[in-house]
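Colleague: Before I rely on descriptive terms, I should like to see how each one is justified. May we go through the model term by term?

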Amino acid sequence: MRRDGRPDAPSVFVIGAGRAGRSLAIALDAARAVVLGITGRERPFPRALAAADVVLVAAPDTAVAGVLDDLAGAPDDAGPASSAVVLQLSGVRPSDASDERLRARVAGVGTFHPLVPLADPGLGAARLRGAWIGIGGDPVAVAVATQLAHRLGARTLSVPDDPSARAVYHAAAVFASNFPVVLAATAERLFAAAGVDAEGARGAVRHLLASAAANVGAAAETASALTGPVARGDAATVARHLAALAGHPDADALYRSLARATVDLARGPDPPHRAALERIDTLLG
């Protein structure tokens with residue numbers, strides 16, 4: 001039992017005061033971890049960092065290596081303890097020489113990559129519960145990252161070590177978390193072009209996205225959640241869309257690319273509208 005009454009609560013210091021770092025600090029505090037502090041670009045590091053069991057590096061991907069080098073070279077009274085574990089949040093960055101230098105000083109170095117769009121610290125903290133977190137690194141780092149994820153009420157999956165596979169893993173996360181925002185913005189612009197008022201367009205788009213996500217969540221197989229004209233084999237409607245989008249070249253290019261992917265998904269092993277799907281594929285060019 002710690003002096004603050006929190007049984008076996010890890011002490012955590014967060015480097016990175018952006019949205020991800022602040023989201024995690026709020027979430028960890030709510031999960032009754034001991035958050036010793038959070039800092040941005042301050043050097044030397046605050047002395048509280050030296051007392052942390054876990055140091056979370058929530059810096060931008062391109063800045064992580066520099067932070068790890070700073071940690072490796074920090075003085076004893078303002079750097080990580082030899083018993084500490086350092087976890088960086090980047091899902092795409094592979095282990096490099098900076099990780100190796102830091103491993104000589106601490107108990108373990110690893111990855112703690114929340115698969116959550118942390119756009120708002122308050123909402124991000126709440127959405128970490130039930131989320132998935134990608135973990136990897138040294139065995140002790142993986143163990144600590146797993147415990148930390150479970151404390152947050154999150155689940156874990158393994159981040160690949162191979163740099164190429166890691167980039168594919170991160171691209172998958174971008175498809176699921178970033179591109180829906182692009183699709184929402186495109187849909188809102190098209191609603192506006194059709195004469196729909198902005199407030200109605202935003203509400204409709206948000207409800208459509210939420211409903212599509214709910215359908216995917218309820219589906220036994222992702223493909224079975226597919227709806228719309230391509231899934232129905234409605235070539236006539238697709239042709240009308242393409243004609244209407246001729247005056248919106250950016251949306252037209254996006255529509256064609258996504259519709260081709262939709263045709264591939266709708267084909268499946270035995271599609272009921274095989275001939276119609278082939279006609280749609282031809283229309284898309």
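Modeller: Let us begin with accessibility: a residue is buried under 20% relative accessible area, exposed over 50%, and partly exposed in between, with a 1.4 Å probe and protein chains only. This is a predicted model, in which local features need pLDDT of at least 70 and side-chain atom pairs count only at pLDDT 80 or more, while totals for chains, interfaces and linings use all residues. Residues are numbered from 1 along each chain as its sequence is written, and side-chain values use heavy atoms, with hydrogens and water left out.

Colleague: Why is D161 called exposed?

Modeller: The relative accessibility of D161 is 63%, so D161 counts as exposed. D161 is placed in the loop between strand 7 (155-158) and helix 6 (163-177); helices (H or I, at least four residues) and strands (E, at least two) are DSSP runs, numbered from the N terminus.

Colleague: Why do R93 and R101 receive the labels they do?

Modeller: R93 has 8% relative accessibility and therefore counts as buried. R101, at 45%, counts as partly exposed because that value lies in between the two cut-offs. R93 lies in the loop between strand 4 (85-88) and helix 3 (97-103), and R101 lies in helix 3.

Colleague: What is R101 in contact with, neighbours within four places in sequence aside?

Modeller: Contact means heavy atoms within 4.5 Å. With those neighbours left out, R101 is in contact with D69 and A72. On the same basis, the contacts of R93 include D61, L68 and R166.

Colleague: How do you know that strand 3 pairs with strand 4?

Modeller: Two strands pair if DSSP finds at least two bridges between them. Strand 3 and strand 4 are joined by 4 bridges and run parallel, so they meet that condition. Within this pairing, V54 stands opposite V85. Helix 2 (residues 64-73) carries the chain from strand 3 to strand 4 in a right-handed β-α-β crossover, a term meaning that, with the strands pointing away from the viewer, the path from the first strand over the helix to the second runs clockwise.

Colleague: Which residues of strand 3 point one way, and which the other?

Modeller: V54 and L56 point one way and V55 and V57 the other, and all are buried.

Colleague: What joins strand 1 to strand 3?

Modeller: Strand 1 (residues 11-15) runs parallel to strand 3, with 4 bridges between them. I15 stands opposite V57 there.
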